[in-house]
Amino acid sequence: MAELDSSSTSSSSGSTFFNRSFTMHANTAEPDAPKVHLLLNNPSSLNRAASISKIYNSIDSVKGKVKKLCNLFESAKSSSTSTELSPKVVLRPAKSIGYSSSFSLSFNNPLIRLPGTEDRIVVYLTSLRGIRRTYEDCYAVRMIFRGFRVWVDERDVSMDSAYKKELQSVLRKKNPSLPQVFIKGKYVGGADVIKSMFEVGELAKILEDFPRIQQPGLVCDCCGDVRFVPCGNCSGSRKVFDEDEGLLKRCLECNENGLIRCPNCCS
């Protein structure tokens with residue numbers, strides 16, 4: 001009987017244990033079941049979930065586009081900075097090579113000669129500032145020759161039209177550009193040729209035979225480096241009185257402006 005009682009008690013205790021676990025699991029599963037049923041049976045909740053997922057997807061796509069744009073701008077900035085830091089170096093031939101060859105051709109050209117000037121440097125220029133580039137070229141050529149302390153026969157075509165006609169006949173051009181340089185009676189060229197020869201060193205070699213001025217930078221007291229003074233015969237009026245005929249005549253000693261070459265620095 002004792003054995004029967006013990007077995008019955010053990011079976012009853014086991015059944016109560018299983019009943020308790022079943023009730024626990026059942027109780028825990030029961031509250032979730034209605035939620036699932038509500039979600040499945042409620043279409044509005046499903047639509048909200050789908051709309052939320054669409055919003056998140058659109059946000060992700062926008063973020064992706066923004067990242068792409070940022071990458072593009074960063075790549076453009078990096079390329080621009082790289083080009084600024086390392087600019088392309090384009091090698092070009094020196095201009096002095098072309099000018100030196102043109103100088104050698106013009107200097108050895110027997111057709112372009114200025115007779116009577118084999119012992120000097122002659123520069124045809126203008127002192128007028130009407131055309132800025134022409135005046136600057138003439139001034140630059142004057143300063144280059146003054147730097148070598150050599151005497152230059154400066155012939156200003158704006159002060160005497162005879163020099164302009166002389167240059168036109170020598171170069172055989174109606175409107176030659178200024179300045180134009182002749183060394184030892186030979187035609188050299190304009191401002192570009194003189195500048196390139198000066199930079200290369202060819203001009204210094206050619207001017208070695210010319211005497212140097214003892215007082216460089218000295219301004220002529222008679223004309224002030226203008227190279228012209230008023231005519232002493234007519235006092236710049238270009239007219240003289242002929243006592244024999246009793247008439248005014250044209251002065252034959254001055255030019256159309258009533259000027260003559262400075263006897264102090266141009267003789």
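Reader: How much area does the protein chain expose, and what percentage of it do carbon and sulfur atoms supply?
Author: This is a predicted model, in which local features need pLDDT of at least 70 and side-chain atom pairs count only at pLDDT 80 or more, while totals for chains, interfaces and linings use all residues. Residues are numbered from 1 along each chain as its sequence is written, and side-chain values use heavy atoms, leaving out hydrogens and water. Accessible areas come from the Shrake-Rupley method with a 1.4 Å probe, and for residues only the protein chains shown count as cover. The exposed area is about 19,100 Å², and the carbon and sulfur share is 59%.

Reader: How many helices and strands are in the protein chain?
Author: Both kinds of element are DSSP runs numbered from the N terminus: helices are H or I runs of at least four residues, and strands are E runs of at least two. The count is seven helices and eight strands.

Reader: What percentage of the 267 residues count as buried?
Author: Buried means under 20% relative accessible area, exposed over 50%, and partly exposed in between (1.4 Å probe, protein chains only). By that cut-off the buried share of the 267 residues is 27%.

Reader: Which residues have the most contacts inside the largest nonpolar core?
Author: A nonpolar core is a set of buried Ala, Val, Leu, Ile, Met, Phe, Trp, Tyr and Cys residues joined through side-chain atoms within 4.5 Å. The largest one has 36 residues. Elements giving two or more residues to this core include β1 (121-125), α4 and α6, and the largest share, five residues, is from β1. The residues with the most contacts inside the core are I121, Y124, F145, V181, F182 and L203.

Reader: Which residues of α4 and α6 make the contact between these helices?
Author: Helix α4 covers residues 132-147, and its axis comes within 10 Å of that of α6, crossing at roughly 35°; axes are lines fitted to C-alpha atoms, for helices over the stretch in contact, with angles from 0 to 180 degrees between N-to-C directions. A contact requires heavy atoms within 4.5 Å. The residues involved are D137, A140, V141, I144 and F145 of α4 and, from α6, A191, I194, K195 and F198.

Reader: How do the residues of the contact of α4 with α6 divide into nonpolar, polar and charged?
Author: Ala, Val, Leu, Ile, Met, Phe, Trp, Tyr, Cys and Pro count as nonpolar, Asp, Glu, Lys and Arg as charged, and the others, Gly among them, as polar. The division is seven nonpolar, no polar and two charged.

Reader: Which residues of helix α6 are buried?
Author: Helix α6 spans residues 191-200. Just after α6, G201 takes a positive phi of about 110°. The buried residues of the helix are A191, V193, I194, S196 and M197.

Reader: Is E154 buried or exposed?
Author: E154 sits in strand β2 (residues 152-156). Beyond its neighbours within four places in sequence, E154 contacts V123, L125, R142, R146, R227 and R261. Its relative accessible area is 7%, so E154 is buried.

Reader: How far apart in space are V123 and G190, C-alpha to C-alpha?
Author: V123 is in strand β1 and counts as buried at 2% relative accessibility. In sequence, V123 and G190 are 67 residues apart. Their C-alpha separation in space is 9.4 Å.

Reader: Which residues does L171 touch, not counting residues up to four places away in sequence?
Author: L171 lies in helix α5 (residues 161-171) and counts as buried because its relative accessibility is 13%. The C-alpha atoms of L171 and Y187 are separated by 8.9 Å, with their positions 16 residues apart along the chain counted as the separation. With residues up to four places away left out, L171 touches I112, P176, Q180, F182 and Y187.
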